[in-house]
Amino acid sequence: MSAIESVLHERRVFPPSDKASANAAISGMDAYKALTAEAESDYEGFWARIARETLSWHKPFTKVLDESNAPFYKWFEDGELNASYNCIDRHVEAGHGGKNAIIFEADDGAVTNVTYQDLLQRVSRLANALKKQGVKKGDRVVIYLPMSVEGVVAMQACARIGATHSVVFGGFSSKSLNERLVDVGAVALITADEQMRGGKALPLKSIADEAIAAGGCDAVKSVIVYRRTGGKVAWNEGRDLWLHELVENESDQCEPEWVSAEHPLFILYTSGSTGKPKGVQHSTGGILLWAAQTMKWTFDMKPDDVFWCTADIGWITGHSYITYGPTAIGATQVMFEGVPTYPHAGRFWEMIGRHKVTIFYTAPTAIRSLIKVSEADAKVHPKSFDLSTLRILGTVGEPINPEAWMWYYENVGGAKCPIVDTWWQTETGGHMITPLPGATPLVPGSCTLPLPGIMAAIVDETGQDVPNGQGGILVVKRPWPSMLRNVWGDPDRYKSSYFPEELGGKLYLAGDGAVRDKDTGYFTIMGRIDDVLNVSGHRLGTMEIESALVSNPLVAEAAVVGRPDETTGEAVVAFVVLKQARPEGDAGTKIANELRAWVAKEIGPIAKPKDIRFGENLPKTRSGKIMRRLLRSLAKGEEITQDVSTLENPAILDQLGEAR
Ligand code: WTA
């Protein structure tokens, strides 16, 4: 049975315990239904109410939703606020300055506590320093940093002065960084000398230097460098500045820049099915509201909770559930620099015990890889650690198969912690479809029901609703505050990617397939319906990897597809035609390794194909179209049962299907 079939046949149900629902923000299904009914009967009133209750407004909004230029929606537009004020100052003003905002654990285990008061001072100092570097409201600042307090401080400092940040994941190559610096028109770059992961120092500054040297970045006036390891770096006088020297003499007072709720808080690049990665543009008010509100609803956060989200700040999960969500509600969170397997594969569980984590949020891939090692080695098994403080578990980024769900539930949660399987995307800004820990009966592998105010539905290719039990295209029928506002610099792409005419131009197209259960209406996500792969919860466009491959001088043609993978969810499989004769044996292995290294250099190590197969050609129709469905079958090692009569060169299938 495939993973999806096993979810669809899943009959186990785990209702919330009395304890879980007792004090929950949304306690029981009746409370959930009351909120969804409120949103349905008065959509704008519902959003206005939570926006007033959850955020602090410098100038209250009078307009809620502006649909006059759909699908370019505006929310709370005449309201003014500042994200950093909401995430920091207001808690200090309320007397919580001494509360830990971040408990940071470094790769080597060193722990640093950062209170809200500390955070305020550090953010204000850097904000002042950025202003002195000439960074103004509306300017873009690229952040290329490891998991660090400095990363959060840098993002918040940009927000404080109204600069729009664009964080680039530290695993991306110099070429990817260059493309983002150019596309976003950055005036400054904040990076580090090196990052520490799993006991190893990896360069960042030298990659940043290469990225700038690659051209098109003349707008970048300053490169601010956080000294993480003290490793040697090249220095460009007049452009490069040490972060610690820069902030040393800055004042720790910085009046926040009050901006419209629609002011762009950040731009985050993500892969699409065609062309270059898209700069997903988010507003200040909308995303902040939903990050904060979902901390309360999905995670049921209380003042004493200790939250830990293991995502990197380079991804949307790190934006909404590290930098902005937990701080917006004044929570204490754990932040981790390293990797789950260093110095041993029990690191996550050990840290949960050490920091008394109560709410833990991670990716299915991490769980699946830890199942394997801990079933082989009792010393790193979650049962060997004190996980008694945990009360809620979460997953994000990819479908979780019922087996992994059950293992997580029993071994990590001790069969007492609800699991919130949160479905959402870079573009949605925050959770969309997820169980509520004190209300929703859980079914392993299903993300269950939309949050109040989120009008998710399943439609066919023409945009018509399909009945429950029938699979289709996942859409959202009404705009919501935390949705993306645009694709940076490319409004046409925003419209055609997310509000396609084929669906009537009004429905938000998520790019996922899904089905609702006949009886419960629960949603199950069936994976992407476009040419986007999800490898270990990371989005990769097949076209991006194909262009990287064909830019190698050896390669004539390449086609990339995904194959289900037990650990990473999907794996990248590349079919490659070389300009030279098809290599066999060791020669093939050698070139395959070269091409892997090439893709790592072009995009980043996360995009490396797991499997590369060489052919004299690719399976094509007589009109020259590559038959991708055949490649997908070949990648899986399936027997080809499809009709291949339209195929120009059927013999090629045997060659490409050969086990390497
Ligand atoms: C997938 C990550 C199943 C989905 C927050 C989506 C999921 C893409 C889930 C977005 C989930 C995310 N169950 N699939 N709970 N969460 N996805 O933009 O295919 O990196 O479209 O955002 O991840 O990935 P992104």
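**Notebook: helices, cores, sheets and unusual backbone**

I began with helix H4, whose buried residues pack against helix H3 (28–41), strand S2 (74–75), H5 and helix H11 (284–297). The model I am reading is a predicted one.

**Entry 1. Helix H4.** I listed the buried residues of H4 and found Tyr43, Phe46, Trp47, Ala48, Ile50, Ala51 and Thr54. I then checked the length of the helix. H4 covers residues 43–54, and its 12 residues at 1.5 Å a residue should span 16 Å; the end C-alpha atoms lie 17 Å apart, which agrees.

**Entry 2. H5 against H7.** I looked up how helix H5 (residues 83–96) meets helix H7 (residues 149–161): the angle is about 115°, and the axes are 7 Å apart. On the H5 side the contact is made by Ala83, Ser84, Tyr85, Cys87, Ile88 and Asp89, and on the H7 side by Gln156, Ala159 and Arg160. I sorted these contact residues by kind and noted 5 nonpolar, 2 polar and 2 charged.

**Entry 3. Nonpolar cores.** In soluble globular proteins, nonpolar side chains tend to be buried together. Which residues touch the most other members of the largest nonpolar core? I noted Trp47, Phe76, Leu181 and Val576, in a core of 166 residues. H7 gives the most to this core, namely 9 residues. Apart from this core I found another, of 33 residues, which includes Leu370, Val380, Leu387 and Met406.

I followed Val576 further. Leaving aside neighbours within four places in sequence, Val576 is in contact with Leu549, Val555, Glu557, Ala558, Leu595, Ile612, Arg613, Phe614 and Gly615. Trp47, another of the four residues named for the largest core, had already appeared among the buried residues of H4.

**Entry 4. The sheet of 7 strands.** I traced an open sheet of 7 strands in the order S5-S4-S17-S16-S18-S19-S20, and its pairing is mixed. Strand S5 (111–115) and strand S20 (419–422) are the edge strands, each pairing on one side only. Neighbouring strands in this sheet are turned by 20° against each other on average, direction ignored. Within the sheet I examined strand S16 (residues 306–309) and strand S18 (residues 359–362), which run parallel and are joined by 3 bridges. Cys309 stands opposite Tyr361 in S18.

**Entry 5. The sheet of 4 strands.** I traced a second open sheet, with 4 strands in the order S21-S22-S24-S25 and antiparallel pairing. Strand S21 (456–459) and strand S25 (523–528) stand at its edges with a single partner strand each, so one side of each has no neighbour in the sheet. The average turn between neighbouring strands here is 45°, direction ignored. Strand S24 (residues 508–516) runs antiparallel to S25, and 5 bridges join them. I recorded one partner pair: Val515 is bridged to Thr524 in S25.

**Entry 6. Strand S6.** Is strand S6 (residues 140–144) mostly covered or uncovered? I found the strand mostly covered, with 5 of its 5 residues buried. In a regular strand the side chains alternate between the two faces of the sheet. I therefore checked each face of S6: Arg140, Val142 and Tyr144 are buried on one side, and Val141 and Ile143 are buried on the other. S6 pairs with strand S7 (residues 164–167) in the parallel sense over 4 bridges, and Arg140 stands opposite Thr164 in S7.

**Entry 7. Unusual backbone.** Most residues other than glycine have a negative phi, and most peptide bonds are trans. I searched for departures from this pattern.

- A cis peptide bond joins Ala70 and Pro71, with omega about 5°; Pro71 sits in the loop between strand S1 (65–66) and S2.
- The bond from Tyr342 to Pro343 is also cis, with omega near -5°; Pro343 lies in the loop between strand S17 (332–336) and helix H13 (347–355).
- Phe76 is not a glycine, yet has a positive phi of about 55°; the residue is found in the loop between S2 and strand S3 (80–81).
- Lys356, likewise not a glycine, has a positive phi of about 55°; its place is in the loop between H13 and S18.

Which of these last residues is buried and which is exposed? Phe76 is buried, with a relative accessible area of 0%, whereas Lys356 is exposed, at 52%. I also noted that Phe76 is one of the residues that touch the most other members of the largest nonpolar core.

Definitions and conventions
Residues numbered from 1 in each chain as written. Predicted model: local features only at pLDDT ≥ 70, side-chain atom pairs only at ≥ 80, totals over all residues. Heavy atoms only, no water. Axes fitted to C-alpha atoms, helices over the stretch in contact; angles between N-to-C directions. Helix = DSSP H or I, 4+ residues; strand = E, 2+ residues; numbered from the N terminus. Contact = heavy atoms within 4.5 Å. Nonpolar A, V, L, I, M, F, W, Y, C, P; charged D, E, K, R; others polar. Expected span 1.5 Å × (residues − 1). Buried < 20%, exposed > 50% of the residue type's maximum accessible area, 1.4 Å probe, protein only. Core = buried A, V, L, I, M, F, W, Y, C linked by side-chain atoms within 4.5 Å. Pairing = 2+ DSSP bridges.
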